Amino acid sequence: MAIKTIKPRILIVGAGLGGLTLAQSLRKQGIPFEIFERDTDAHSRFLGWALGVHTILDDLVSSIPDDLPPIKESITHLSPLKLEAQIAFYFHGKHIAVQSTPEQPVIRANRPRFRDWLSTHIPIQWGKRPTRVEQVQDEIRLHFEDGTTATGDILVGADGVNSFVREHLLGVPNKELLRPIPNCMISGETTLSGEAFERQLSIAHSCYVAGGPASSNYFLFVGLNRVSPDGKSGRYYWFTADKDPSIANEDHWSKSASQAELYDHVVNLTSTLEPRFSEVIRSTSVSEVKAKPFIIRDAEIEHLPVGRITLLGDAAHPMSPFRGEGGVHALRDALNLSKAIGQLKSNDTKEIESLFGSYQKEMLERGARAVRASRSQHSLETIADGQIVAWGQTPVEVPDETITIEACLA
Ligand SMILES: Cc1cc2nc3c(=O)[nH]c(=O)nc-3n(C[C@H](O)[C@H](O)[C@H](O)COP(=O)(O)OP(=O)(O)OC[C@H]3O[C@@H](n4cnc5c(N)ncnc54)[C@H](O)[C@@H]3O)c2cc1C
């Protein structure tokens with residue numbers, strides 16, 4: 001059969017962090033693609049709280065077109081405050097932290113801003129949920145819920161933890177593959193201003209983990225999602241992670257609990273924490289407690305079939321958020337995959353298999369290591385054994401700080 005010499009057409013399912021990074025780096029290389037997203041528009045769904053972007057910032061910026069606005073100013077959650085991203089850990093009398101430095105920069109991104117920035121000049125096809133994948137010889141055809149179809153040469157599943165493309169590729173239902181992390185995680189959000197805001201910024205600029213007493217096995221995570229335009233108040237989110245192997249059981253108490261009962265549970269749980277840590281919970285109203293606790297699931301995938309369909313990001317290595325690196329692996333995958341696609345000289349299946357085989361081997365090994373390492377950091381006992389990694393670094397002891405909003409706006 002004659003080998004086509006045209007550039008392969010790439011179909012991307014999922015316009016999240018990984019899918020959009022792939023789209024941008026294909027755009028830079030002039031490779032044709034289509035990107036499909038189940039959301040009906042950019043802000044139709046809660047996208048999640050802030051996330052730390054680290055380790056690959058230089059690579060990310062050099063791999064995408066230069067018509068995007070400057071990254072830090074566009075996506076940081078701290079704007080308009082002049083502060084660097086910082087995560088702190090407080091447990092058993094210790095205070096350690098990782099902070100962005102010129103040598104090891106970290107940007108704590110507000111997710112909607114990050115997605116908007118990555119979407120610049122990308123023609124996302126919204127409201128597109130695939131129902132079926134058909135492969136006829138060298139051609140892939142995607143069928144969507146709305147009755148439309150799309151055809152291409154390569155299909156990339158960038159569709160997150162509950163990936164549709166992964167189910168098709170592995171033939172294993174997601175509910176069999178994904179394992180729950182044994183934590184009961186109750187969350188809420190609140191807005192803090194004035195001295196309360198300054199107290200939280202002094203504990204950590206971006207987010208922190210506060211551990212309960214040595215006899216307990218829970219921790220509280222508190223994060224700043226965004227700052228008001230005048231810099232005077234911050235929207236905070238928090239969750240408690242309480243070791244609980246029965247969390248996935250249908251009859252777990254939290255599944256039928258009311259918001260008031262969930263609130264009382266976290267207030268009791270965190271009653272032995274220093275007041276400056278539990279302040280964010282006490283400032284949350286019952287209606288601001290999320291109605292359902294969230295369950296994190298992960299999976300170690302050792303092998304994927306090699307062919308015209310591949311995966312990246314959480315679709316390939318869903319992991320718990322405790323080391324703050326799942327998103328960075330999704331970006332790393334997208335950059336590596338775009339380089340592999342850029343090397344294709346034809347649409348020949350053997351050439352695709354050779355380049356995708358190498359891409360998948362590195363991606364799955366790196367992903368599985370990250371899944372295991374992130375899982376091992378899910379409870380206070382593992383955090384307290386000193387093996388913590390956050391944003392790709394080992395936190396170090398730091399002095400306490402006193403932050404004023406006035407100084408941060410000057
Ligand atoms: C609380 C929390 C904190 C985190 N903190 C960090 C951090 O600090 N640093 C870090 O690096 N990572 C962090 N992560 C992990 C990070 O959020 C994920 O690893 C990252 O979002 C994965 O990117 P992705 O592109 O693979 O998937 P996603 O960002 O989930 O994107 C998938 C996209 O596909 C779409 N989609 C899904 N199904 C379909 C379908 N069937 N058809 C079409 N579209 C579909 C979704 O709507 C979504 O837009 C955190 C995660 C959590 C939960």
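# Briefing: the ligand shell and three backbone features

Helix H11 gives the most to the shell around the ligand, with four residues. The model is predicted. The ligand is surrounded by 31 residues, and the protein buries 86% of the 1000 Å² that the ligand exposes when taken alone. Away from that topic, the briefing covers a cis peptide bond between Ser79 and Pro80 and positive phi angles at Thr55 and His92.

**Which residues and elements form the shell**

- Gly18, Glu37, Gly52, Arg111 and Asp314 come nearest to the ligand among the 31 residues around it.
- Four elements each supply at least two residues of the shell: helix H1 (17–29), strand S3 (51–54), helix H4 (111–118) and helix H11 (326–343).
- By residue class, the shell holds 11 nonpolar and 11 charged residues, together with nine polar ones.

**Polar contacts with the ligand**

- The side chain of Arg45 places an N or O atom 3.2 Å from an oxygen atom of the ligand.
- Arg115 also contributes through its side chain, where a polar atom lies 3.0 Å from an oxygen atom of the ligand.
- At Gly326 the contact comes from the backbone: an N or O atom there is 3.3 Å from an oxygen atom of the ligand.
- As for cover, the ligand taken alone exposes 1000 Å², of which the protein buries 86%.

**The cis peptide bond**

- Ser79 and Pro80 are joined by a cis peptide bond, with omega at about 10°.
- Pro80 sits in the loop that runs between helix H3 (71–75) and strand S4 (86–91).

**Positive phi outside glycine**

- Thr55 is not a glycine, yet its phi is positive, at about 70°.
- The loop between S3 and helix H2 (57–63) holds Thr55, and S3 is also one of the elements that supply the ligand shell.
- Thr55 counts as exposed because its relative accessibility is 64%, and exposed means over 50%.
- His92 is likewise not a glycine and has a positive phi, here of about 50°.
- His92 belongs to the loop between S4 and strand S5 (94–99); S4 also borders the loop that contains Pro80.
- Is His92 exposed or partly exposed? With a relative accessibility of 45%, His92 counts as partly exposed, because that class lies between the limits of 20% and 50%.

Terms used: Residues numbered from 1 in each chain as written. Predicted model: local features only at pLDDT ≥ 70, side-chain atom pairs only at ≥ 80, totals over all residues. Heavy atoms only, no water. Near = heavy atom within 4 Å. Polar contact = N/O pair within 3.5 Å; in protein donor to acceptor, adjacent residues only side chain to side chain. Areas by Shrake-Rupley, 256 points an atom, 1.4 Å probe, with all protein chains shown as cover. Nonpolar A, V, L, I, M, F, W, Y, C, P; charged D, E, K, R; others polar. Buried < 20%, exposed > 50% of the residue type's maximum accessible area, 1.4 Å probe, protein only.
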